[in-house]
Amino acid sequence: MTILINVLIILAIFSYTVFTLTRFLKKSKAGKCPSCGIKDGCSTSKKLE
Amino acid sequence: MVNNYCILGNPNVGKTSLFNALTGTYEYVGNWSGVTVEKKVGRLKEQAGDLVDLPGIYELSPISKDETVVTDYLLNSEYSGMINIIDASQLKRNLQLTVQLMELGAPILIGLNMIDVAAKRGIHIDQDALLKKLKLPLLPIIARNGKGTHKLLEALKDQDLSNNRPLRINYGENVEATITQIVTLLKQYSDFEPRQFRFIAIQYLLDNPKVIELLNDDLISRLTPLHKQLTASLTTTIREHIQTKRNGYIEDLLQDTVVYPNEERQYFSSRLDKLLTHKILGIPIFLGIMWLIFQITFTWVGTPISDQIDEFIGGTLTYSVKSAMEAIGLFPFLQDLITDGIIAGVGAVIVFVPQILVLFFFISLLEDSGYMARIAVLMDRIMEVFGLSGKSFIPMIIGFGCNVPSIMAARSIESEKERLTTIIIAPFMSCSARLPVYALFVGVFFAHNQALVVLSLYVLGIIVALATSVVLTKTVLKNDDSVFIVELPTYRLPSIKTLWRSTWEKGKGFVKKAGTFIFGGSVVIWLLNYTGPSGFNVDVNDSFLHVIGSFFAILVAPLGFGTWQAGATLIPGFLAKEVIVSSMAIIYASDESGLVNIIQNQFTPLSAYAFMIFILLYIPCLSTVATIRKETYSMKWTLLAVAYPLVAAYVLSFIFYQVGHLFI
């Protein structure tokens with residue numbers, strides 16, 4: 001049981017790490033709107049190319 | 001069919017505030033010109049349709065890049081109506097654009113904004129009389145707090161909106177005769193709608209390049225002689241002539257409808273301006289205000305709260321998590337990862353949230369009160385010496401929050417060379433991500449002069465930026481003269497709602513980043529610290545991070561901070577500057593003596609300041625570099641934007657440390 005919990009936590013941490021890092025790199029490389037800190041409240045990015 | 005509306009108006013009349021109030025979304029709002037640089041689309045409340053927020057313009061003839069967006073939209077898009085928002089306290093200037101829009105003849109509704117500001121300044125507007133004279137729907141609103149916007153939304157749905165006819169101002173015998181001739185030619189040789197003929201003719205006479213683009217060569221060759229003939233027959237230029245006639249029309253509109261106050265009351269603002277934009281005192285006052293803000297941020301409010309959070313994360317939280325993990329029976333390596341990696345790394349950034357929120361609160365306050373626009377005017381005089389104009393200063397100020405939007409904001413600069421120069425120098429503005437580094441080091445080494453030291457770094461960033469612009473404008477980017485015209489906004493007490501939103505929007509990104517990228521980054525850095533060529537759980541001196549850090553340490557040794565730990569933070573710092581502090585916390589977390597003590601042993605005040613100079617200048621972060629690439633469309637400029645700061649950072653830190661070393 002202990003091993004299972006350990007494995008689950010390791011999996012969770014590392015998969016989240018991979019997810020956040022790849023998403024960050026992808027967004028940053030895109031530049032402009034995707035890397036903007038306030039883009040969530042902005043509907044421009046959805047409507048304009 | 002979906003109804004499309006657009007918001008138009010002069011710069012800084014509250015278009016974006018109205019956009020937010022009508023659509024319920026949030027866009028960056030500031031009290032100066034040029035905040036909106038490209039059109040934004042939002043969905044209107046009550047399913048009334050879509051709303052497009054366009055950049056502010058004074059004239060329909062475009063001069064700068066963002067102004068072409070407006071003319072292009074008006075001439076080439078389909079829309080059900082325009083909302084022309086005008087500043088009630090500056091009616092005369094605002095109506096210049098309104099007249100041009102009325103000549104276009106598209107359905108239009110006027111939003112009379114800032115009636116509260118006008119009333120406070122003692123300007124009395126007889127709205128009914130003005131409405132009758134304009135023959136257009138006119139609605140009073142206060143966009144900042146959303147008052148009157150509901151009625152405006154209702155009015156948009158009104159069918160009568162579409163019934164207005166193009167405005168006809170009598171431009172005098174000669175001009176009218178030419179317009180008639182042009183209209184006849186347009187009827188024969190173009191496919192514009194008949195109601196647009198007169199508008200196109202007038203805009204053609206005003207040399208509107210967007211209108212000329214729409215005419216075919218054959219037509220232009222027929223129109224050119226008419227244009228020349230009219231120019232010859234007038235004593236002034238066509239533009240001046242038309243302007244005078246329009247002014248006459250506007251004066252007639254305002255007569256009996258607007259009463260201005262006696263002088264004394266009206267000039268409170270300008271008396272304050274005399275002091276705040278004083279030739280000699282202006283800049284020292286600005287620096288004094290900034291010092292006060294940093295003093296509040298670092299000494300009085302921000303740091304004490306940060307210390308509490310730090311104590312909680314380093315103490316209570318870490319111990320509780322540790323005992324919980326032991327109770328569950330987690331592997332020792334996993335326990336280390338969570339406490340020394342994730343909690344230390346993410347926590348190191350989280351503790352600085354109070355400082356960031358406090359600083360942004362005051363920067364938002366300066367923006368929204370109208371003071372920052374004065375600083376832009378003040379800086380215009382100084383920046384002229386450096387080959388730039390005050391227009392470049394606005395993107396630079398935005399850069400204090402984040403460099404990415406600051407580079408986007410450079411679009412409002414009409415001169416391409418000045419825009420490029422601004423893009424290259426904007427990353428020298430100290431963004432919020434660099435703040436944790438300063439906060440950490442000033443707390444340790446300059447506890448009594450925190451505000452002054454941080455202020456010196458911000459000022460250094462501005463000085464390096466200005467010096468760079470001199471180099472650029474004297475060499476590769478010899479500048480065309482560009483004129484900075486900014487209408488000073490009235491001073492106003494910012495609304496708590498705008499302030500809070502503006503502060504939170506900036507701070508939110510920081511917190512979010514801590515939970516995502518900083519989390520991931522911390523795990524990777526911890527792993528690099530935990531593993532080495534010889535396997536897992538190695539001594540820190542045998543770790544991969546040590547190998548990487550040692551390589552950079554040799555390079556930066558002449559700058560005074562040649563430890564592998566400092567060297568190891570530089571690469572993650574390129575991805576995002578916040579990670580510099582996280583990396584340090586993780587590297588030092590395994591050491592019992594604590595982050596502050598180790599920093600004290602490894603740095604001296606001199607090398608700490610050299611390190612802060614290097615971090616301030618060394619390289620824009622990945623997002624900024626990508627944005628520069630997109631905005632310049634050039635690999636050459638992007639490379640310059642990366643290489644130049646690196647060299648500048650190295651040279652300046654080197655000089656500072658080596659010269660300082662002679663005395664200390």
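The following questions and answers concern a predicted model.

Student: Which helix of chain B gives the largest share of the largest nonpolar core?
Tutor: The largest nonpolar core has 115 residues, and B:Phe294, B:Phe441, B:Phe561, B:Ile599, B:Phe603, B:Phe611 and B:Met612 touch the most other members. The largest share of this core is eleven residues, and the helix that provides them spans residues 605-617 of chain B: α31.

Student: How many residues does the second, separate core hold?
Tutor: This second core is separate, and its members include B:Ile57, B:Met102, B:Leu186 and B:Val258. The number of its residues is 65.

Student: Which residues does B:Phe603 touch, not counting residues up to four places away in sequence?
Tutor: B:Phe603 is among the residues that touch the most other members of the largest nonpolar core. With residues up to four places away in sequence not counted, B:Phe603 touches B:Phe441, B:Phe445, B:Phe561, B:Ala566, B:Met584, B:Ala608 and B:Phe611.

Student: Why is helix α22 of chain B described as largely enclosed by the rest of the structure?
Tutor: Helix α22 covers residues 435-445 of chain B. Its buried residues include B:Leu435, B:Tyr438, B:Phe441 and B:Phe445. The helix is largely enclosed because the buried residues number ten of the eleven.

Student: What is the geometry of the aromatic pair B:Phe333 and B:Trp526?
Tutor: The structure holds 25 aromatic pairs over all chains. In the pair of B:Phe333 and B:Trp526, the ring centres are 6.1 Å apart and the planes stand at 35 degrees. An angle from 30 to 60 degrees is neither stacked nor edge-to-face, so the pair is tilted.

Student: How many residues apart in sequence are the parts that B:Phe333 and B:Trp526 tie together?
Tutor: B:Phe333 lies in helix α16 (residues 332-350) of chain B, whereas B:Trp526 lies in helix α25 (residues 517-530) of chain B. B:Phe333 is partly exposed at 23% relative accessibility, while B:Trp526 is buried at 4%. The separation of the two parts in sequence is 193 residues.

Student: Is the pair of B:Phe441 and B:Phe603 stacked or edge-to-face?
Tutor: B:Phe441 lies in helix α22 of chain B and B:Phe603 in the loop between α30 (595-602) and α31 of chain B, 162 residues apart. Both residues are buried. Their rings are 5.0 Å apart centre to centre, with 80 degrees between the planes, and the pair is edge-to-face.

Student: Which residues form one aromatic cluster with B:Phe441 and B:Phe603?
Tutor: B:Phe441 and B:Phe603 form an aromatic pair, and both belong to one aromatic cluster. The other members of this cluster are B:Phe445, B:Phe561, B:Phe611, B:Phe614 and B:Tyr618.

Student: With which residues is B:Gln600 in contact, leaving aside its neighbours within four places in sequence?
Tutor: B:Gln600 lies in helix α30 of chain B and is partly exposed, with a relative accessible area of 39%. Its C-alpha atom is separated by 20 Å from that of B:Leu616, 16 residues apart along the chain. Leaving aside neighbours within four places in sequence, B:Gln600 is in contact with B:Val444 and B:Phe445.

Student: Which residue stands opposite B:Asp50 of strand β3(B)?
Tutor: Strand β2 (residues 40-43) of chain B is joined to β3(B) by four bridges, and the two run antiparallel. They form a hairpin with six residues between them, and B:Glu46 in the turn has a positive phi of about 55 degrees. The residue opposite B:Asp50 is B:Arg43.

Student: What is the bridge partner of B:Ile7 in β3(B)?
Tutor: Strand β1 (residues 4-8) of chain B pairs with β3(B) in the parallel sense over four bridges. In β3(B), B:Leu51 and B:Asp53 point one way, B:Asp50 and B:Val52 point the other, and all are buried. The partner of B:Ile7 is B:Asp53.

Student: Is the β-α-β crossover from β4(B) to β5(B) right-handed or left-handed?
Tutor: Strand β4 (residues 81-87) of chain B and β5(B) pair in the parallel sense over six bridges, and B:Ile86 stands opposite B:Leu112. Between these strands the chain passes through helix α3 (residues 91-104) of chain B. The crossover is right-handed.

Conventions:
Residues are numbered from 1 along each chain as its sequence is written. Chains are lettered from A and ligands numbered from 1 in the order in which they are written. This is a predicted model: local features need pLDDT of at least 70, side-chain atom pairs count only at pLDDT 80 or more; totals for chains, interfaces and linings use all residues. Side-chain values use heavy atoms; hydrogens and water are left out. A nonpolar core is a set of buried Ala, Val, Leu, Ile, Met, Phe, Trp, Tyr and Cys residues joined through side-chain atoms within 4.5 Å. Buried means under 20% relative accessible area, exposed over 50%, partly exposed in between (1.4 Å probe, protein chains only). Contact means heavy atoms within 4.5 Å. Two strands pair if DSSP finds at least two bridges between them. A crossover is right-handed if, with the strands pointing away from the viewer, the path from the first strand over the helix to the second runs clockwise. Rings of Phe, Tyr and Trp (its six-membered ring) pair if their centres lie within 6.5 Å; planes under 30 degrees apart count as stacked, over 60 as edge-to-face and the rest as tilted.
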